[in-house]
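Colleague: I am new to this structure and would like a close look at one part of it. Please choose a single residue, describe its surroundings, and carry on from there.

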Amino acid sequence: MKKTLLALLMTSAMTTAQAAETYLNFGTGGQSGVYYVVGQSVCKLVNRNTAKTGVKCSPSTSAGSIANLRSIEAGENQLGMAQSDWQYHAYNGSSEFADAKNDKLRVVFSVYPELFSVIARNDAGIEHFDDLAGKRVNVAEPGSGTRATADLLMAEKGWTTDDFSLASELKGSEVADALCDNNIDAFFYNAGHPSATVESAVAACQPQIVPVTGEYVDSLLEKHPYYAKASVPGGLYGGMPDDVPTFAVYATLVSSTDVPDEAIYQTVKAVFENFDRFKKLHPAFANLTPQDMLEKGVTIPFHPGAERYYREQGWIE
């Protein structure tokens with residue numbers, strides 16, 4: 001009897017340990033952003049098979065790319081969304097991560113292009129990025145990919161936040177209301193389009209997306225090849241029929257070699273074995289292909305668990 005009880009206790013302890021090893025906390029972004037939708041979508045597919053695989057996934061809100069990368073390095077999150085540029089910097093110990101190189105960081109797959117977008121009130125006299133000087137601008141929350149990209153762009157142009165009459169640091173979930181309440185003239189937003197945040201602003205006060213072009217943009221792209229010219233397609237939002245030129249990075253899903261290979265393998269398998277279902281979960285996913293998800297925005301090595309699945313499918317050698 002004592003041996004049976006001991007065996008049961010040992011089995012229970014092992015089960016608990018296994019569950020802890022396969023629990024994936026997924027750092028996303030603000031609830032109004034596409035990062036959060038990605039986290040919800042991936043976790044939903046993973047959790048359909050938890051009884052079989054033992055892998056359970058839970059999305060959580062965060063400040064965005066840089067915060068997610070730091071939380072993965074600290075072991076607080078096992079999965080996270082990050083822009084491809086900050087993924088690169090974190091792995092190589094450059095830029096914002098000069099003091100925190102994480103050579104355990106690995107990419108799982110890329111998802112969609114994120115366009116650096118400037119949303120401005122129609123009555124603010126802002127027709128181009130250059131017109132933001134002296135305006136009230138939300139430069140984005142510290143720790144977000146948007147803020148870090150904005151800082152690089154402003155530096156390339158020779159600006160600092162002092163060039164604005166106000167440089168607020170509101171969360172992504174707060175910017176649409178701030179714009180339409182006339183508390184700011186414009187906000188920066190890295191986003192896959194269509195974006196719920198932009199749609200909310202359009203419905204409330206009909207702002208515009210302004211072009212981000214010029215020699216300073218060309219210089220930024222030349223120095224940082226993970227950026228590419230792109231356009232917000234016309235017709236996505238009411239009153240905005242024309243394409244708006246800007247530049248973009250890719251939203252990527254990242255992890256760490258500290259996370260078991262099997263857990264990442266099952267995560268990738270859950271997404272690609274339900275790929276049509278996944279693509280229907282947000283308009284930004286509609287045109288995804290496995291080839292693009294394994295090539296565009298992949299600036300660091302794949303996680304071994306993801307690599308195993310891709311080799312089985314013949315997608316990589």
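Modeller: Leaving out residues up to four places away in sequence, His 193 touches Leu 115, Ser 117, Val 198, Ile 209, Val 232, Leu 236, Tyr 237 and Ala 284 (contact means heavy atoms within 4.5 Å). The model is predicted, so local features need pLDDT of at least 70 and side-chain atom pairs pLDDT 80 or more, while totals for chains, interfaces and linings use all residues. Residues are numbered from 1 along each chain as its sequence is written, and side-chain values use heavy atoms, without hydrogens and water.

Two of the neighbours of His 193 also meet it through polar contacts (N or O atoms within 3.5 Å, one able to donate a hydrogen and the other to accept it; residues adjacent in sequence count only if both atoms are side-chain atoms). The side chains of His 193 and Ser 117 are joined at 2.9 Å, and those of His 193 and Tyr 237 at 2.6 Å. With a relative accessible area of 12%, His 193 is buried (under 20%; exposed is over 50% and partly exposed in between, with a 1.4 Å probe and protein chains only).

His 193 sits in the loop between strand E7 (186-191) and helix H8 (196-205) (helices, H or I of at least four residues, and strands, E of at least two, are DSSP runs numbered from the N terminus). Pro 194 belongs to the loop between E7 and H8 as well. The peptide bond from His 193 to Pro 194 is cis, with omega about 5°. Most peptide bonds are trans, and most residues other than glycine have a negative phi.

Helix H8 contains Thr 197. How buried is Thr 197, in relative accessible area? The value is 4%, so Thr 197 counts as buried. Apart from neighbours within four places in sequence, Thr 197 is in contact with Ser 32, Gly 172, Val 175, Ala 176, Phe 187 and Tyr 189.

Gln 206 comes in the loop between H8 and strand E8 (208-210). Its phi is positive, near 45°, although Gln 206 is not a glycine. Gln 206 is partly exposed because its relative accessibility is 31%. Ser 95, another residue other than glycine, has a positive phi near 50°. Ser 95 lies in the loop between H5 and E4 and, at 37% relative accessibility, is partly exposed.

Helix H5 (residues 84-92) leads to that loop, and its buried residues are Ser 84, Asp 85, Trp 86, Gln 87, His 89 and Ala 90. Their cover includes helix H4 (65-73), strand E3 (79-83), E4, H6 and E10. After H5 comes Gly 93, with a positive phi near 70°.

Strand E4 also takes part in aromatic pairs (rings of Phe, Tyr and Trp, the six-membered one, with centres within 6.5 Å; stacked is under 30 degrees between planes, edge-to-face over 60, tilted the rest). There are 23 aromatic pairs by this rule. Phe 109 and Phe 272 form an edge-to-face pair, because their ring centres are 5.8 Å apart and their planes stand at 80°. Phe 109 is in strand E4 (residues 105-120) and Phe 272 in helix H10 (residues 261-272), so this pair links distant parts of the chain, 163 residues apart. Both Phe 109 and Phe 272 are buried.

Phe 116 and Phe 247 are stacked instead, with 5.4 Å between centres and 15° between planes. Here Phe 116 of strand E4 meets Phe 247 of strand E10 (residues 244-256) across 131 residues of chain. Phe 116 and Phe 247 are both buried. Both belong to a cluster linked by ring pairs, whose other members are Tyr 88, Phe 129, Trp 159, Phe 164, Phe 188, Tyr 216, Tyr 226 and Tyr 227.

For contrast with the buried residues, take Ser 173 and Glu 312. Ser 173 is in the loop between strand E6 (166-168) and helix H7 (175-180), and is partly exposed at 45% relative accessible area. The C-alpha atoms of Ser 173 and Arg 311 are 39 Å apart, with their places 138 residues apart along the chain. Glu 312 lies in helix H13 (residues 304-313). A relative accessible area of 47% makes Glu 312 partly exposed, and its side chain has a polar contact of 2.6 Å with that of Tyr 265.
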